[in-house]
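The exercises below ask you to read a protein chain step by step, from its overall build down to single residues. Each task is followed by a worked solution.

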Amino acid sequence: MITIINYGSGNIRAIGNIYERLKIPYKIAEHPDEVKGAEKIILPGVGAFDETVYMLDKSGFRSVLDHEVLVNKVPVLGICVGMQILAKKSEEGELSGLGWINGEVKKIDKTLLLQSPKLPHLGWNSIERTKNSTLFNGIDDEDGFYFLHSYYFECEDDQDILSKTFYGKSFASAVNANNIFGVQFHPEKSHNNGVQLLQNFAKL
């Protein structure tokens with residue numbers, strides 16, 4: 001059973017539709033009590049860092065997620081800003097992130113970019129794996145995934161980087177520390193690769 005956290009941010013329905021087509025059981029948690037006993041958790045996110053953290057705190061999900069992920073070691077997948085709030089903090093705001101993976105979210109340096117418009121990083125881009133993970137089983141790295149962001153996750157420890165993507169410079173497009181996973185791209189918008197990745201997460 002996949003538990004998708006609905007705290008007011010992210011493409012909840014699109015993710016759920018993919019699991020319906022895959023015939024993989026899932027539920028959308030509208031209340032913190034619905035997270036207890038979860039087998040796997042998806043933490044979506046769209047928008048600005050501080051707004052996302054604020055909504056997560058206001059929803060009451062934060063403390064129960066800390067317990068399930070850090071104490072019970074439930075696998076979790078953060079998507080887009082849901083990945084960025086795994087960090088300690090962000091240049092985009094002032095609030096503290098979850099701090100589950102050591103790192104800081106930084107803005108992409110526009111001076112390194114030749115494309116116009118330079119930000120956000122929008123559209124398809126390839127990935128380069130930096131370590132093996134079943135999360136990427138059956139993924140076509142060259143086809144890659146769909147991105148939409150202006151900030152990126154800078155890990156303190158390179159061992160926490162699962163894949164990199166180039167946009168002006170190489171940045172972490174996926175991270176992993178123990179049971180905690182994050183992807184900067186949108187699997188729910190990434191066609192076959194995205195469906196495969198969500199299926200892989202369900203099998204972890």
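**Exercise 1. How many positive and how many negative side chains does the protein chain have, and how far apart do the centres of the two sets lie?**

Solution. The model is a predicted one, in which local features need pLDDT of at least 70 and side-chain atom pairs count only at pLDDT 80 or more, while totals for chains, interfaces and linings use all residues. Residues are numbered from 1 along each chain as its sequence is written, and side-chain values use heavy atoms, with hydrogens and water left out.

Begin with the counting rule: Lys and Arg are taken as positive and Asp and Glu as negative, whereas His and the chain ends are not counted. Next, place each charge at NZ of Lys, CZ of Arg, CG of Asp or CD of Glu. The protein chain then has 21 positive and 26 negative side chains, and the two centres lie 2 Å apart.

**Exercise 2. Describe the overall build of the protein chain, and explain why it counts as compact as a globular protein of its length.**

Solution. First list the secondary structure, where helices (H or I, at least four residues) and strands (E, at least two) are DSSP runs numbered from the N terminus. The protein chain comes to five helices and 13 strands. Its radius of gyration is 16 Å, close to the 17 Å that the globule rule gives for 204 residues, so the chain is as compact as a globular protein of that length; the radius is taken over C-alpha atoms, and the rule is 2.2 Å times the number of residues to the power 0.38.

Then consider extent and burial. Along the principal axes, the C-alpha atoms fill a box of roughly 45 × 40 × 30 Å. Of the 204 residues, 52% count as buried, a class that means under 20% relative accessible area, with exposed over 50% and partly exposed in between (1.4 Å probe, protein chains only).

Finally, look at contacts, meaning heavy atoms within 4.5 Å. Among contacts with a separation of 6 or more, 71% come from residues 24 or more positions apart.

**Exercise 3. Determine why C80 and C155 do not form a bond with each other.**

Solution. A disulfide is a pair of cysteine sulfur atoms within 2.5 Å. The closest cysteine sulfur to that of C80 is in C155, at 16 Å, which is too far for a bond. By this rule the count comes to zero disulfides. As for their surroundings, C80 is buried at 5% relative accessibility, and C155 is buried at 10%.

**Exercise 4. Which residues does L148 touch, not counting residues up to four places away in sequence?**

Solution. Locate L148 first: it lies in strand β9, and at 34% relative accessibility it counts as partly exposed. Its contacts beyond four places in sequence are C80, P120, H121, L122 and H186. L148 and F185 are 37 residues apart in sequence, yet their C-alpha atoms are 6.9 Å apart in space.

One of these partners, P120, deserves a further step. P120 is placed in the loop between β6 (103-107) and β7 (121-125), and the peptide bond that joins L119 to P120 is cis, with omega about 5°.

**Exercise 5. Where are D141 and S133 found, and is each buried or partly exposed?**

Solution. D141 is found in the loop between β8 (128-129) and β9 (145-149), and S133 has its place in the loop between β8 and β9 as well. D141, at 21% relative accessibility, counts as partly exposed, while S133, at 15%, counts as buried.

The contacts complete the picture, neighbours within four places in sequence being left aside. D141 is in contact with S126, I127 and R129, and its C-alpha lies 5.2 Å from that of I127, 14 residues away in sequence. S133 touches L162 and F181.

**Exercise 6. What is phi of K23, and what is phi of N178?**

Solution. Phi of K23 is near 60°, a positive value in a residue other than glycine; phi of N178 is near 55°, likewise positive in a residue other than glycine. K23 is placed in the loop between α1 (12-22) and β2 (26-29), and N178 lies in the loop between β12 (169-177) and β13 (180-183). Turning to accessibility, K23 is exposed with a relative accessible area of 75%, and N178 is exposed with 71%.
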